[in-house]
Amino acid sequence: MSDYQLRKTILDVLMRIEKDKGFSHLIIDHALKSGKIDPRDEGLLTEIVYGTIQRKYTLDYYLESFINPRKKLDQWVRMLLRMSVYQMVFLDKIPDHAIIHEAVEIAKQRGNKGIASFVNGVLRSLQRKGAPDTTAIKDDIKRLAVETSHPEWLVNRWISFYGFNTAKEMSESNLAKKVHSVRVQPMRISRNEAVERLEQEGLIVRPSEFSSQGIIVEQGNVLKTDLYRDGYLTIQDQSSMLVAEMLRPEPGMQVLDACSAPGGKATHIAEKMENEGTIHAYDLHKKKVRLIDEKAAGLQLSIIDANSGDARKLREQHPEESFDRILVDAPCSGLGVIRGKPEIKYDKQETDIERLSQIQYDILEHVAPLLKKDGLLVYSTCTVDLDENEQLVQKFLENHPDFQVDDAFFEEIPDPIKETAGITEYGLQLFPHSFQTDGFFLSRLRRIS
Ligand SMILES: C[S@@+](CC[C@H](N)C(=O)[O-])C[C@H]1O[C@@H](n2cnc3c(N)ncnc32)[C@H](O)[C@@H]1O
């Protein structure tokens with residue numbers, strides 16, 4: 001594929017993410033699987049697409065200095081400029097003249113000579129004068145929002161919850177590359193053996209401290225290994241692995257996974273139960289239930305009974321006190337997974353958080369009576385927000401005196417994680433900058449007699 005074709009494909013991928021509001025990782029995956037991308041270009045495509053989205057507001061700030069504010073730009077022209085400026089400012093492997101040349105060619109083919117000359121002018125000015133200095137922004141919050149490309153309301157919200165320094169560290173760390181990790185299927189292979197086999201296949205890996213089944217992939221593409229293809233591994237962020245660990249499921253138990261698709265945690269729970277007992281797994285969206293079945297089949301697990309269902313209506317199907325363990329891995333704003341899905345930070349609004357926290361509360365309140373006395377319920381989200389996490393657990397406990405945060409929960413948190421600042425009486429908040437994981441919240445409640 002020529003450099004021109006590659007840049008054109010990158011622009012198409014970026015436009016699909018922007019216009020169709022699709023998840024970046026799925027659209028990139030689709031492009032890579034199309035067979036049109038040379039394997040040697042896969043890394044560059046991924047880097048430019050992620051980088052351009054991750055730095056969108058910073059790139060727009062740079063562009064403002066070179067574009068008359070009254071000029072109307074087509075969406076694709078702005079995107080072409082953003083991806084070109086990203087390469088000029090943040091990547092050092094492509095010379096500026098090549099970046100400008102390809103951008104001008106695309107502008108000519110997709111638009112006309114006038115647009116090409118405009119694109120040329122903007123990029124040449126930026127090349128000559130350099131990227132504008134963000135220290136010119138006097139307001140600390142505005143500057144942080146521009147430098148780390150987050151909406152101002154979100155930076156403000158995090159500052160009000162966690163203080164300026166944590167908000168800054170978190171926003172900065174959201175610009176880093178996602179660190180991938182996998183979970184071994186322990187009934188099929190031990191972690192040590194999996195580590196050895198992955199190393200033999202040329203990957204650089206190390207064991208995770210979050211779960212005895214976790215492996216961190218420091219270098220190499222695990223998706224292309226035999227071990228992954230043959231169902232010995234599944235992809236899972238380390239923070240998510242803590243959930244099944246903390247749920248403490250045992251073989252033979254009756255477990256409810258109220259919001260289950262695509263089944264990452266349900267399959268982990270099944271592994272910990274040694275595939276004995278039953279996991280009743282539900283998801284609101286019918287078509288996602290297939291994903292749970294596929295994941296379970298791929299890992300050779302058979303105790304998951306997956307069905308579509310609204311977690312706010314499950315009492316119609318199960319009598320009270322049916323389950324030894326309940327997992328509510330609630331739908332959430334996803335503000336902890338911005339590294340892997342950077343578009344989330346632009347698409348979410350404060351009103352979404354209000355709406356979601358109501359749904360989360362309704363789910364928790366509805367399933368709570370399904371837990372047996374002395375049973376354990378884990379509530380988790382992949383977000384960093386008090387309203388969806390600590391305050392939600394607090395409100396639930398105030399209204400349900402028959403539940404309490406399980407004391408042993410805090411003792412069982414692995415040592416290195418215990419030392420982070422995210423532990424409160426209502427649970428554990430993992431920040432993305434602490435262990436290079438997703439931002440994640442979890443709490444374990446016990447039903448007392
Ligand atoms: C955070 S994801 C769950 C991830 C899953 N536990 C895993 O580990 O793979 C939340 C899921 O809740 C589902 N959901 C949203 N509202 C729901 C509801 N009212 N009842 C059941 N599931 C719901 C969503 O479709 C989504 O798949």
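The predicted model of the protein contains 21 helices and 13 strands. Its radius of gyration is 24 Å, close to the 22 Å that the globule rule gives for 449 residues, so the protein is as compact as a globular protein of that length. Measured out along the principal axes, the C-alpha trace spans about 75 × 50 × 40 Å.

The domain assignment divides the protein into domain 1 (3-132), domain 2 (136-173), domain 3 (180-235) and domain 4 (239-447). For domain 3 and domain 4, the C-alpha centres lie 24 Å apart. Domain 3 gives 13 residues to the contact between them, and domain 4 gives 16 residues. On the side of domain 3 that touches domain 4, three residues are nonpolar, seven are polar and three are charged.

We can turn next to helix packing. Two packed helices are described by the angle between their axes and the distance between the axes. Helix 5 (residues 75-90) is a helpful place to begin, with helix 6 (residues 96-110) as its partner: the two pack at an angle of about 170°, and their axes are 10 Å apart. Because angles over 145 degrees count as roughly antiparallel, helix 5 is described as roughly antiparallel to helix 6. From helix 5, the residues Trp-76, Val-77, Leu-80, Ser-84, Gln-87 and Met-88 take part in this contact, and they meet Asp-96, Ile-99, Ile-100, Ala-103, Ile-106, Ala-107 and Arg-110 of helix 6. By class, the contact of helix 5 with helix 6 comprises nine nonpolar, two polar and two charged residues.

Helix 5 also packs with helix 4 (residues 56-64), here at an angle of about 95° and with the axes 10 Å apart. This angle makes helix 4 roughly perpendicular to helix 5. Lys-56, Leu-59, Tyr-62 and Leu-63 are the residues of helix 4 in the contact, where they meet Leu-81, Arg-82, Val-85, Tyr-86 and Val-89 of helix 5. Seven nonpolar and two charged residues make up the contact of helix 4 with helix 5, with no polar residues.

The ligand has 19 residues around it, and those that come nearest are Cys-259, Gly-264, Lys-265, Leu-284 and Ala-311. Helix 14 (264-272) and strand 6 (278-283) are the elements that give two or more residues to the shell around the ligand. As for the chemical classes in this shell, nine residues are nonpolar, four are polar and six are charged.

Two backbone details deserve a look as well. Most residues other than glycine have a negative phi, and most peptide bonds are trans. Against that background, the peptide bond from Ala-261 to Pro-262 is cis, with omega near 5°. Pro-262 has its place in the loop between strand 5 (254-257) and helix 14. The other detail concerns Arg-248, which has a positive phi of about 55° although it is not a glycine. Arg-248 is found in the loop between helix 13 (238-247) and strand 5.

Methods: Residues numbered from 1 in each chain as written. Predicted model: local features only at pLDDT ≥ 70, side-chain atom pairs only at ≥ 80, totals over all residues. Near = placed C-beta within 6 Å. Helix = DSSP H or I, 4+ residues; strand = E, 2+ residues; numbered from the N terminus. Nonpolar A, V, L, I, M, F, W, Y, C, P; charged D, E, K, R; others polar. Axes fitted to C-alpha atoms, helices over the stretch in contact; angles between N-to-C directions. Parallel < 35°, antiparallel > 145°, perpendicular 65-115°, else oblique. Contact = placed C-beta atoms within 7 Å. Domains from an automatic or database assignment. Rg over C-alpha atoms; globule rule 2.2 N^0.38 Å.
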